[in-house]
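Okay, thanks for coming, everyone. I'll put the structure up on the screen, and then we'll start from one residue and work outwards.

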Amino acid sequence: MTTKRQVKALYQPLLKRYPELAMIETAEHGYMLVLRPVDHLVRVFNVQRSAYADRPDYYWSIGYTFWHKASLSNICGTNFITPDIKMMYWSHPKHEEAFIEAVETQILPVLRSVDSIERLLSSSHPMEQRWKWRFDHPVNKMCLHAALGDFGTAAEAARELREKGRARMPWWSEETYVDVM
């Protein structure tokens, strides 16, 4: 199983090479590397445990910071792999180099390109079918468009939530629904 020590050691070369990266620890995702500056968007990547002791999962995501219940990975992101999948194994002698290459060639360019809400909404990625629908989810639509000053779209999203009501969103608690409204 992937350990915190392994993850921290894997991150160290990137932290030394890129001063715009910072390491944080979260209860939900363990250690993550955050691309600074953090303002309206938080852009991160991390190494997660997997079902296999010798192979971690790599993940990147972008979230927004202007709703108090927003999470670090709430709007878009996906897993990524090394150029040669065999190199993803901790036991592979070139694991660290392959991870760094993947981050430098695949992940940092994506995270750097999404530096504003407008760019987030207009971004494209080969795996976007996994998250593009989230941009139109009423809560995200309300938050993102309100942050852009597009209060007509934000109000439309709020109306949609109100019309659905709490009963049509059974995964929400009453507190969450009231909070959003």
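**Starting from one leucine**

So, Leu144 lies in helix H4. Keep in mind as we go that this is a predicted model. Is Leu144 buried or exposed? Its relative accessibility is 0%, and since buried means under 20%, Leu144 counts as buried.

What does Leu144 touch, once we set aside its neighbours within four places in sequence? The contacts are Tyr64, Phe66, Ile75, Ile117, Leu120 and Leu121. For contrast, take Ser113: that residue is 31 residues from Leu144 in sequence, and the two C-alpha atoms are 18 Å apart in space.

Now zoom out to the helix around it. Leu144 has plenty of buried company in H4: Pro138, Val139, Asn140, Lys141, Met142, Cys143 and His145 are buried there too. That makes eight buried residues out of the 10 in H4, so the helix is largely enclosed by the rest of the structure. After H4 comes Gly149, which has a positive phi, near 85°. As background, most residues other than glycine have a negative phi.

**On to the next helix**

Next up is H5, residues 151–164. Quick sanity check on its geometry: with 14 residues, and 1.5 Å a residue, H5 should span 20 Å, and its end C-alpha atoms are indeed 20 Å apart, which agrees.

Which residues of H5 are buried? They're Thr153, Ala154, Ala157, Ala158 and Leu161. Those residues cover an arc of only 140° around the axis, which puts them on the same side of H5. And just after H5 there's another glycine to point out, Gly165, with a positive phi of about 70°.

How do H4 and H5 sit against each other? Their axes come within 8 Å and cross at roughly 155°. Anything over 145 degrees counts as roughly antiparallel, so that's what we call H4 and H5. The crossing is left-handed.

If you want to find the contact on screen, look on the H4 side for Pro138, Val139, Lys141, Met142, His145 and Ala146. On the H5 side, the residues they meet are Phe151, Thr153, Ala154, Glu156, Ala157, Ala158, Glu160, Leu161 and Lys164. Notice that Thr153, Ala154, Ala157, Ala158 and Leu161, the buried ones in H5, turn up in that contact list as well.

Let me pick out Thr153 for a second, which lies in helix H5. Thr153 has 19% relative accessibility, and with the cut-off for buried set at under 20%, Thr153 counts as buried. Not counting residues up to four places away in sequence, Thr153 touches Lys141 and His145. Tyr59, on the other hand, is 94 residues from Thr153 in sequence, and their C-alpha atoms are 31 Å apart.

**A second pair of helices**

There's another packing to look at: helix H1, residues 4–17, against helix H2, residues 95–113. What angle do they pack at? It's about 45°, with the axes 10 Å apart. H1 and H2 are therefore oblique to each other, and their crossing is right-handed. H1 brings Ala9, Leu10, Tyr11, Pro13, Leu14 and Arg17 to the contact, while H2 brings His95, Glu96, Phe99, Ile100, Val103 and Glu104.

Take Ala9, found in helix H1. Ala9 is partly exposed, at 44% relative accessible area. Ala9 and Glu96 are 87 residues apart along the chain, yet their C-alpha atoms are separated by 9.1 Å.

**One peptide bond to flag**

Before I step back, go to the loop between strand S2 (30–35) and strand S3 (41–52), where you'll find Pro37. The peptide bond joining Arg36 and Pro37 is cis, with omega about 5°. As a general rule, most peptide bonds are trans.

**Stepping back**

Finally, the whole chain. How many helices and strands does it have? There are six helices and five strands, and from the N terminus the order is α-β-β-β-β-β-α-α-α-α-α. The C-alpha trace spans about 55 × 30 × 25 Å along its principal axes.

Of the 181 residues, 42% are buried. And if you take contacts between residues at least 6 apart in sequence, 46% of them join residues at least 24 apart. That's my tour, so over to you for questions.

Terms used: Residues are numbered from 1 along each chain as its sequence is written. This is a predicted model: local features need pLDDT of at least 70, side-chain atom pairs count only at pLDDT 80 or more; totals for chains, interfaces and linings use all residues. Side-chain values use heavy atoms; hydrogens and water are left out. Helices (H or I, at least four residues) and strands (E, at least two) are DSSP runs, numbered from the N terminus. The expected span of a helix is 1.5 Å times one less than its number of residues. Buried means under 20% relative accessible area, exposed over 50%, partly exposed in between (1.4 Å probe, protein chains only). The arc is that of the directions from the helix axis to the C-beta atoms. Axes are lines fitted to C-alpha atoms, for helices over the stretch in contact, and angles run from 0 to 180 degrees between N-to-C directions. Angles under 35 degrees count as roughly parallel, over 145 as roughly antiparallel, 65 to 115 as roughly perpendicular and the rest as oblique. A crossing is left-handed if the near helix is turned anticlockwise from the far one by less than a right angle, and right-handed if clockwise. Contact means heavy atoms within 4.5 Å.
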